[in-house]
Amino acid sequence: MTMPNSLVREHERLDELHRNGYFIIQDPKRFCFGMDAVLLSGFAKAKEGERVLDLGTGTGIIPILMAAKTAAKAFTALEIQEESADMARRSVQYNHLEDRIEIVTGDIKDASARFGASSFDMITTNPPYMIGEHGLSSASSAKAIARHEILCTLDDVLRESAKLLRPGGRFYMVHRPFRLAEIFCKMAECKIEPKRMKLVYPYVEKEPNMVLIEGLKGGKSRLTVEKPLIVYKAQGVYTDEIYELYGY
């Protein structure tokens, strides 16, 4: 969707989020948010009055959606790419959410030093999924940085999250099932105990291609595997649960 507005640049677009009348500014030539971010915003449970940090926020999609869906007190969103952070700030301003969402430009690897230990009740993250150079054409492009562990790794995300969360704080992440064993091992090493998991399947007969995970800092060992989420019931037709998550 394209709309004339001083906050939207000529090469950008303004996309409706179907939540509270909110929109998000995106650049089609850069990395635009996908279903994984929408699913994570629905899976994560923010409570009234909580302070939430989104690591690697991109254009701010997760805190904007969660501001619409929850009564959390304040969202801080950290993004290393200034161009993406700038779009996120303008989206926050467009939606008049300046009193709830702060966009910060910075490196995940320095997050605990920047914000301080035990600063947040909850963390969300949609980190780069891919390791190595599989499918990598340019390590400097916005899309490559979003998809590949170029500027941060899973270890960076978990290490900093363990420091940033208060005792009993919750960690929410969307990732790929092929790295699930590694994810659980590294979460346990960082004392973020996996507590809840939901697998996402494109179709009922296909293998899962996403996994939603909740962890608890200092939690005891007990994992709940929730009912799987099926995205499509037919070609191009979402299931009712997906339509509900998207607000249609």
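Leaving aside its neighbours within four places in sequence, which residues is Lys-186 in contact with? Let's start there and then take a tour of this predicted model, one close-up at a time.

**View 1. Lys-186 and the residues around it in helix H7.** Here's the reply to the opening question: Lys-186 is in contact with Leu-154, Asp-155 and Leu-158, once its neighbours within four places in sequence are set aside. Lys-186 sits in helix H7, which covers residues 180-189. Its relative accessibility is 18%, so it counts as buried, since the limit is under 20%. Look for Glu-182 too: its side chain and that of Lys-186 are joined by a polar contact of 2.9 Å. Arg-159 is 27 residues away from Lys-186 along the chain, and the C-alpha atoms of the two are separated by 9.0 Å.

**View 2. A network of charged side chains.** Stay with Lys-186 for a moment, but now follow the charges. Glu-182 also meets Arg-179, in a salt bridge of 2.9 Å from N to O. Are these two partners buried or exposed, or something in between? Glu-182 has 25% relative accessibility and counts as partly exposed, whereas Arg-179, at 3%, counts as buried. Zoom out a little and you get one network: Asp-155, Arg-179, Glu-182 and Lys-186 are joined by salt bridges that share partners.

**View 3. Lys-198 and Glu-226, a salt bridge between separate parts of the chain.** The side chains of this pair meet at 3.6 Å, N to O. Lys-198 belongs to strand S8, while Glu-226 is in the loop between strand S10 (224-225) and strand S11 (229-230), so the pair ties together parts that are 28 residues apart in sequence. Lys-198 is buried, with a relative accessible area of 11%; Glu-226 is partly exposed at 24%. By the rule used here, the structure's salt bridges come to 17. Another of them links Lys-109 with Asp-107, whose closest N and O atoms are 3.3 Å apart.

**View 4. Glu-193, a buried charge without a salt bridge.** Glu-193 is in strand S8, residues 192-201. Which side chain of opposite charge is nearest to Glu-193, and how far away is it? That would be Lys-195, at 6.6 Å. A salt bridge has to be within 4 Å, so this pair doesn't make the cut. Glu-193 does have company, though: leaving out residues up to four places away in sequence, it touches Met-187, Glu-214, Gly-215, Leu-216, Gly-219, Lys-220, Ser-221 and Arg-222.

**View 5. The largest nonpolar core, with its 40 residues.** Leu-39, Ile-101 and Ile-242 are the members with the most contacts inside this core. Helices and strands both chip in: among the elements giving two or more residues are helix H1 (35-43), strand S5 (101-105) and helix H8 (240-246). Helix H2 (61-69) is on that list as well, and H2 gives the most, with 7 residues. Apart from this core lies another, of 26 residues, including Leu-53, Leu-164, Ile-183 and Met-187. Back at Ile-242, you can pick out the residues it touches beyond four places in sequence: Met-35, Leu-39, Leu-229, Ile-230 and Val-231.

**View 6. Two cysteines, Cys-185 and Cys-190.** How many disulfides does the structure hold? The count is 0. As for exposure, Cys-185 is partly exposed, with a relative accessible area of 49%. Cys-190 also counts as partly exposed, at 22%.

Notes: Residues are numbered from 1 along each chain as its sequence is written. This is a predicted model: local features need pLDDT of at least 70, side-chain atom pairs count only at pLDDT 80 or more; totals for chains, interfaces and linings use all residues. Side-chain values use heavy atoms; hydrogens and water are left out. A disulfide is a pair of cysteine sulfur atoms within 2.5 Å. Buried means under 20% relative accessible area, exposed over 50%, partly exposed in between (1.4 Å probe, protein chains only). Helices (H or I, at least four residues) and strands (E, at least two) are DSSP runs, numbered from the N terminus. Lys and Arg count as positive and Asp and Glu as negative; His and the chain ends are not counted. Contact means heavy atoms within 4.5 Å. A nonpolar core is a set of buried Ala, Val, Leu, Ile, Met, Phe, Trp, Tyr and Cys residues joined through side-chain atoms within 4.5 Å. A polar contact is a pair of N or O atoms within 3.5 Å; within protein, one must be able to donate a hydrogen and the other to accept it, and residues adjacent in sequence count only if both atoms are side-chain atoms.
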